[in-house]
Amino acid sequence: MGKEILVIGHQRPDTDSIAAAIGYAALKNELHQGGFQAARCGKLNRETEYVLSYFDVTAPPLVNDVRTRVKDVLDGGLLFIHPEATVRQAGIFMRQHGVKTLAVVDKDRHLLGLFTVGDLARLLLEAWDTGNVPMDEPVQQVMQRDNLVVFHQDDLITEVRQTMLETRYRNYPVVDDDHCLVGLIARYHLLAMRGKRVILVDHNEKSQAVPGIEEAKILEVIDHHRLADIETAEPVMVRNEPVGSTATIVSKMYREQGLEPEKGIAGVLCAAILSDTLLFKSPTSTLTDKEQAGWLAGIAGIDVNDFGRDMIRAASSLVGRSGREIILEDFKNFNFGGTTVGIGQIEIIDSGTLPVSRQELLAELEKLQVERNYDLIVLMVTDLMRNGTELLFTGPQARAVERAFNVAAGAGSVFLPGVMSRKKQVVPPLQRLLQK
């Protein structure tokens, strides 16, 4: 991945997060002739794998963090010299290109040493005493080869900056995994440095964002969730609408520009709407979602109802999954007034599709609560046929669930008829109680 602007969704991405990134990056590339790259922040879930495979769309590359690394600040220039070149040739080369440091590499570009204008000056000064000016000596005889400070292209800039302050050389060679030269980095690179540029889709909460987001330059936010705590250094374009899916907003933006997404992209956007609205059964679903899904389905050549059922059936197959894998399938972190809350959600067609018992799921929730120090951890088991959700919960703030949903103290679980949405029906009442 080069210098493109990343379009990326939340950690533990669901279908909407992936589809919105793919669709919006494609729209931006069409409008601006390239420069945007869809990305993902985590492993694909089973539903998203099914959707991408069905429409033959390539999964976005994985991005583990957006912290600035050495390779992000290199300017693309790559000057070097071979060891058999003479001192005279090295000096002429420096003068022609206006540089003061040359990397010395072999024929495969492996770093061998450095030759600097300081080395050249030292040789000339020594020649005053000896009368022997070594201008025709090969560089390999006089280059610096010992105790070089070398950076790897994936080193973090925060660590590199400290090393530069401690050593204060003019230039530092940068290598890849094979110790091949990829460039030279200097202090001016740090002065001109800017964070990676990103567009956030399907979230605006720091705890859900790709690690290192505080170092990045956020350009836009496209989302359908509550406004949270993402901060920017300057005004940015934010589009936040009360619809059932971020893919719905992306679809609207295509139509506003008089454009149609490609067939495969239309398909994944439609699938994301169906997924996030639970086939329009979720209370977050709107007429706008239905309208956009219908438009996208026409482009993709699918029947909304038939495809939606097949997608949910493929996604609800949890055979072979452990309790922890089920809990973390679609899991989000929240911070409500200093209270740390984790809420996972799975959709099933009937209770018989769960490969593990409720007792095992509760035990795994208790382990996760201790390991990650949650104040409250919740799993929503949403049953599409029963049109409701079973909540499994534990943690020091479990009382908030009991109060929010009128649950008997110490129960640890409750079935809530009509509750289908984490965003609209579970998060708001918990937030109101925990932020008091």
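Start by selecting helix α2 in this predicted model: its buried residues pack against α1 (15-32), α9 (263-276) and α11 (304-315). Colour those three partners separately, then show side chains for E47, T48, V51 and L52, the buried residues of α2 (residues 46-54). Now look down the axis of α2: the buried residues fall within an arc of 125°, so they line one face of the helix.

**The two ends of α2**

Move to the start of the helix and add N45. A side-chain oxygen of N45 comes to within 3.1 Å of the backbone nitrogen of E47. Then go to the other end and pick D56, just after α2, where the backbone takes a positive phi of about 55°.

**An aromatic cluster**

Keep α2 on screen and select Y50, Y54, F55 and F307, which form one aromatic cluster. The structure as a whole holds nine aromatic pairs. Y50 and Y54 make a tilted one, with 6.0 Å from centre to centre and 35° between the planes. Both tyrosines belong to helix α2, and they sit four residues apart, about one turn of the helix. Turn on the surface to check their exposure: Y50 is partly exposed at 24% relative accessibility, and Y54 is partly exposed too, with a relative accessible area of 45%.

Next, centre on F55 and F307. Their ring centres are 5.3 Å apart and their planes stand at 50°, so this pair is tilted. F55 lies in the loop between α2 and α3 (70-73) while F307 is in helix α11, so the pair ties together parts that are 252 residues apart in sequence. Are these two phenylalanines buried or exposed? Both F55 and F307 are buried.

**S17 in helix α1**

From α2, step across to α1, one of the helices its buried residues pack against. Select S17, which is found in helix α1. S17 is buried, with a relative accessible area of 2%. Which residues does S17 touch beyond those up to four places away in sequence? Show G9, H10, V201 and D202 to see them. Zoom in on H10: its backbone nitrogen lies 3.1 Å from a polar atom of the S17 side chain. Then draw a distance between the C-alpha atoms of S17 and V201, which are 184 residues apart along the chain and separated by 6.6 Å.

**Strands β9, β10 and β11**

V201 makes a handy link to the next stop, strand β9 (residues 197-201). Switch to a cartoon view and select β9 together with β10. The two pair in the parallel sense over five bridges. To find a place in that pairing, pick R197, whose bridge partner in β10 is K217. On to β11: four bridges join β10 to β11, and these strands also run parallel. Here D223 stands opposite N240 in β11. With β10 (residues 217-223) still selected, colour by accessibility; the strand is mostly covered, with five of its seven residues buried.

**S245, after β11**

Follow the chain out of β11 (237-240) into the loop leading to α8 (246-256), where S245 has its place. S245 counts as buried at 0% relative accessibility. What joins its side chain to that of D16? Draw the distance and you will find a polar contact of 2.8 Å between the side chains of S245 and D16. For the wider surroundings, show D16, H224, A272, I273, D276 and D289, all in contact with S245 once neighbours within four places in sequence are left aside.

**Two cysteines**

How many disulfides does the structure hold? The count is zero. Two cysteines to select are C41, which counts as buried at 8% relative accessibility, and C270, also buried, at 0%.

**Last stop: Q140**

Finish in the loop between α5 (117-130) and β6 (151-152), where you can select Q140. Q140 is partly exposed, with a relative accessible area of 34%. Leaving aside neighbours within four places in sequence, Q140 is in contact with P83 and R145. For one more distance, take the C-alpha atoms of Q140 and F115: they are 8.8 Å apart in space, and the residues are 25 apart in sequence.

Note on methods
Residues numbered from 1 in each chain as written. Predicted model: local features only at pLDDT ≥ 70, side-chain atom pairs only at ≥ 80, totals over all residues. Heavy atoms only, no water. Buried < 20%, exposed > 50% of the residue type's maximum accessible area, 1.4 Å probe, protein only. Polar contact = N/O pair within 3.5 Å; in protein donor to acceptor, adjacent residues only side chain to side chain. Contact = heavy atoms within 4.5 Å. Pairing = 2+ DSSP bridges. Disulfide = S-S within 2.5 Å. Arc of directions from axis to C-beta. Phe/Tyr/Trp six-rings, centres within 6.5 Å; stacked < 30°, edge-to-face > 60°.
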